[in-house]
Amino acid sequence: MITKDGKPLTESLAILHNIAARGLDKGLGFAQGTKKFDELNWMLSYLHTTLHSALGYGWNAYKLEEDDHAGKAFLRRLAREKSAEAYAYLQRVLEGREWLVGDTKTVADAYFIGIARWGEDLGLFDIAREFPGIHKHMARLEADPAVIFAHAIEDETPHESSGGFRGQLTVQELDTRLAA
């Protein structure tokens with residue numbers, strides 16, 4: 001992300017906290033020092049260190065040599081086991097509520113939808129059948145215009161921003177900005 005002063009900001013949690021701080025009036029985050037901020041910070045950390053990391057085993061299976069069937073099977077089994085625990089926990093969190101933290105959609109929900117779909121993308125789960133509460137939350141988020149926009153950017157299809165999106169940078173362009 002390029003900040004207002006033109007400097008790049010990298011790493012998902014740093015970017016999410018930046019967006020949350022700029023979107024307090026929209027309920028995207030909460031003021032630092034409040035109980036809700038702590039809950040949001042904890043949820044973002046959980047999503048990153050637990051769910052994202054668990055699903056990472058599944059992505060790592062793709063990096064192995066084609067003939068390393070035992071290694072791939074081990075990583076996929078580990079990904080399914082660890083991420084199933086995370087999905088089950090998050091499903092319990094969502095019982096009786098609409099959002100992961102607080103009464104509005106926050107950056108935690110935005111981060112969640114970006115990574116939760118990997119369980120199906122990696123062929124680990126039928127989320128609708130195995131985690132219906134997660135599936136319901138994902139479906140609600142997938143209908144959000146911001147998520148539709150993010151998918152369009154990711155898929156390189158026509159899109160229209162309602163915010164401050166000014167395009168993408170190549171890795172080389174980012175490296176140049178980081179060096180400046």
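Here, a residue is exposed when its relative accessible area is over 50%, and buried when that area is under 20%. Glutamate 11, at 60%, is therefore exposed. The model is a predicted one, and this briefing walks through two helix pairs, one helix near the end of the numbering given here, two unusual backbone angles and two buried residues.

**Backbone oddities**

- Most residues other than glycine have a negative phi.
- Glutamate 11 goes the other way, with a positive phi near 80 degrees.
- You'll find glutamate 11 in the segment before α1.
- Glutamate 156 also has a positive phi, near 55 degrees, and is not a glycine either.
- Glutamate 156 comes just after α8, in the loop between α8 and α9 (171–179).
- With a relative accessibility of 69%, glutamate 156 is over the 50% cut-off and so counts as exposed.

**How α1 packs on α2**

- Helix α1 covers residues 12–22 and helix α2 covers residues 35–63; their axes come within 11 Å and cross at roughly 150 degrees.
- Since an angle over 145 degrees counts as roughly antiparallel, that makes α1 roughly antiparallel to α2.
- The crossing of α1 over α2 is right-handed.
- On the α1 side, the contact uses Ser12, Leu13, Leu16, His17 and Ala20, while α2 brings in Phe37, Leu40, Asn41, Leu44 and His48.
- Sort those contact residues by type and you get six nonpolar, four polar and no charged.

**Alanine 20, a buried spot on α1**

- Alanine 20 sits in helix α1.
- Its relative accessibility is 4%, which means alanine 20 counts as buried.
- Setting aside neighbours within four places in sequence, alanine 20 touches Leu28, Gly29, Leu40 and Val107.
- Lysine 36 is 16 residues away from alanine 20 in sequence, and their C-alpha atoms are 12 Å apart in space.

**How α2 packs on α3**

- The axes of α2 and helix α3 (residues 69–94) come within 7 Å, crossing at roughly 155 degrees.
- That angle makes α2 roughly antiparallel to α3.
- This crossing is left-handed.
- The contact of α2 with α3 is built from 17 nonpolar, four polar and four charged residues.

**Serine 83, a buried spot on α3**

- Serine 83 belongs to helix α3.
- Its relative accessibility is 0%, so serine 83 counts as buried.
- Beyond its neighbours within four places in sequence, serine 83 is in contact with Leu51, Ala54, Leu55, Leu124 and Phe125.

**Helix α8, its cap and its cover**

- Helix α8 runs over residues 145–155, and its buried residues are Val147, Phe149, His151, Ala152 and Ile153.
- Helices α4 (107–116) and α7 (132–142) are among the elements covering those buried residues.
- At the N-terminal end of α8, aspartate 144 acts as a cap: one of its side-chain oxygens lies 2.7 Å from the backbone nitrogen of alanine 146.
- Just past α8 comes glutamate 156, with its positive phi of about 55 degrees.

How values were computed:
Residues are numbered from 1 along each chain as its sequence is written. This is a predicted model: local features need pLDDT of at least 70, side-chain atom pairs count only at pLDDT 80 or more; totals for chains, interfaces and linings use all residues. Side-chain values use heavy atoms; hydrogens and water are left out. Axes are lines fitted to C-alpha atoms, for helices over the stretch in contact, and angles run from 0 to 180 degrees between N-to-C directions. Helices (H or I, at least four residues) and strands (E, at least two) are DSSP runs, numbered from the N terminus. Angles under 35 degrees count as roughly parallel, over 145 as roughly antiparallel, 65 to 115 as roughly perpendicular and the rest as oblique. A crossing is left-handed if the near helix is turned anticlockwise from the far one by less than a right angle, and right-handed if clockwise. Contact means heavy atoms within 4.5 Å. Ala, Val, Leu, Ile, Met, Phe, Trp, Tyr, Cys and Pro count as nonpolar, Asp, Glu, Lys and Arg as charged, and the others, Gly among them, as polar. Buried means under 20% relative accessible area, exposed over 50%, partly exposed in between (1.4 Å probe, protein chains only). A polar contact is a pair of N or O atoms within 3.5 Å; within protein, one must be able to donate a hydrogen and the other to accept it, and residues adjacent in sequence count only if both atoms are side-chain atoms.
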